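Please open the model in your viewer and keep the sequence panel visible beside it. The tour below proceeds by selections, each followed by a description of what is to be found there.

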Amino acid sequence: MLKTPSAAPLLPSVHAEGVSNDEFRAAMSRLAAGVVLVTAHEPALDPDGPGGDDVGMTATAFMSVSLDPPLVLVSLRDGSRMDDLLAEQPLWAVSVLSDSQRQIAGRFAMKGRISDRLLFEDIPYVRGEVAGAPLVAGALATLECRTEQRVPAGDHTLVIGRVLTARAPSADGKPLTYFKGRYRQLS
């Protein structure tokens, strides 16, 4: 009687260091992070055609790097639309989202989402004067940046940008945060 091998159980992916993807995700989910919308304007392919597209993505891996010169860092998943765009287009913007902008964060974080053009359709924004990218109305702060350096880091690219403009248009409001896999409000 022939025995057919049974399917091997799926084991969690464990790296050489002994930390599984699930263990790492669980540990890092305990680190509260601010939520931003990173935007850029993709120029038109044909100079005589339509004016190009706005692109946006929600990010929680965003931080200040330096005061002099003013630098920030955002981590982008390799091969994402934003990573591909910022590899060619050096100008981008950041809107620091308030706790009342949870729907915007969720909309731009969806997998398999609709086109960026439709995502921006009913969101009030102004176009940045330097980067030309959307800056969300009601954001706690907005920044316009120019890429200074791109650093490969595992399955992400760390994009370091020089801050060209910085404004804090909304004095009121609380930040939107991300903790344990969910958007949260500070009490």
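A residue is called buried when its relative accessible area is under 20%, and exposed when that area is over 50%. This model is a predicted one.

**First selection: T39.** Select T39, which lies in strand β2. Is T39 buried or exposed? Its relative accessibility is 0%, so T39 counts as buried. Now display its surroundings: beyond its neighbours within four places in sequence, T39 is in contact with V55, G56, M82, W92, A93, F120, A133 and P134. One of these partners, P134, has its backbone oxygen 2.7 Å from a polar atom of the T39 side chain. Another, W92, is 53 residues away in sequence, yet the C-alpha atoms of T39 and W92 are 5.8 Å apart in space.

**Second selection: the whole chain.** Zoom out to the complete protein chain, which has 4 helices and 12 strands. Of its 187 residues, 36% count as buried. Among contacts between residues at least 6 apart in sequence, 61% join residues at least 24 apart. The chain exposes about 11600 Å², of which carbon and sulfur atoms supply 57%.

**Third selection: the nonpolar cores.** In soluble globular proteins, nonpolar side chains tend to be buried together. The largest nonpolar core here has 19 residues, and V38, V74, M82 and W92 touch the most other members. Colour the elements that give two or more residues to this core: β2, β3, β5, α2, β6, β9 and β10. A second, separate core of 12 residues includes L37, A105, F108 and L119.

**Fourth selection: helix α2.** Select residues 81-88, which form α2. Which residues of α2 are buried? They are M82, D83, L85 and L86. These residues cover an arc of only 165° around the axis, so they are on the same side of α2. That set packs against β2, β3, β5, β6, β9 and β10.

Stay in this helix and pick D83, whose place is in α2. With 6% relative accessibility, D83 counts as buried. A polar atom of the D83 side chain lies 3.2 Å from the backbone nitrogen of G79. Leaving out residues up to four places away in sequence, D83 touches L76, R77, D78, R150 and T157.

**Fifth selection: helix α3.** Move to residues 102-109, where the buried residues of α3 are I104, A105 and F108. Look down the axis of α3: these residues fall within an arc of 100°, so they line one face of the helix. The following general rule may help in reading such a view. An α-helix has 3.6 residues a turn, so residues three or four places apart point the same way. The buried residues of α3 pack against β2, β3, α4, β8, β11 and β12.

**Sixth selection: the aromatic rings.** A search of the whole structure finds 3 aromatic pairs. Select F120 and Y125, which form an edge-to-face pair, with 5.8 Å from centre to centre and 70° between the planes. How do the two residues of this pair stand with respect to burial? F120 counts as buried at 5% relative accessibility, whereas Y125 counts as partly exposed at 31%. Finally, add F108 to the selection: F108, F120 and Y125 form one aromatic cluster. The tour thus returns to two residues already met, for F108 is a buried residue of α3 and F120 is in contact with T39.

Terms used: Residues are numbered from 1 along each chain as its sequence is written. This is a predicted model: local features need pLDDT of at least 70, side-chain atom pairs count only at pLDDT 80 or more; totals for chains, interfaces and linings use all residues. Side-chain values use heavy atoms; hydrogens and water are left out. Buried means under 20% relative accessible area, exposed over 50%, partly exposed in between (1.4 Å probe, protein chains only). The arc is that of the directions from the helix axis to the C-beta atoms. Contact means heavy atoms within 4.5 Å. A nonpolar core is a set of buried Ala, Val, Leu, Ile, Met, Phe, Trp, Tyr and Cys residues joined through side-chain atoms within 4.5 Å. Rings of Phe, Tyr and Trp (its six-membered ring) pair if their centres lie within 6.5 Å; planes under 30 degrees apart count as stacked, over 60 as edge-to-face and the rest as tilted. A polar contact is a pair of N or O atoms within 3.5 Å; within protein, one must be able to donate a hydrogen and the other to accept it, and residues adjacent in sequence count only if both atoms are side-chain atoms. Accessible areas come from the Shrake-Rupley method with a 1.4 Å probe; for residues, only the protein chains shown count as cover.
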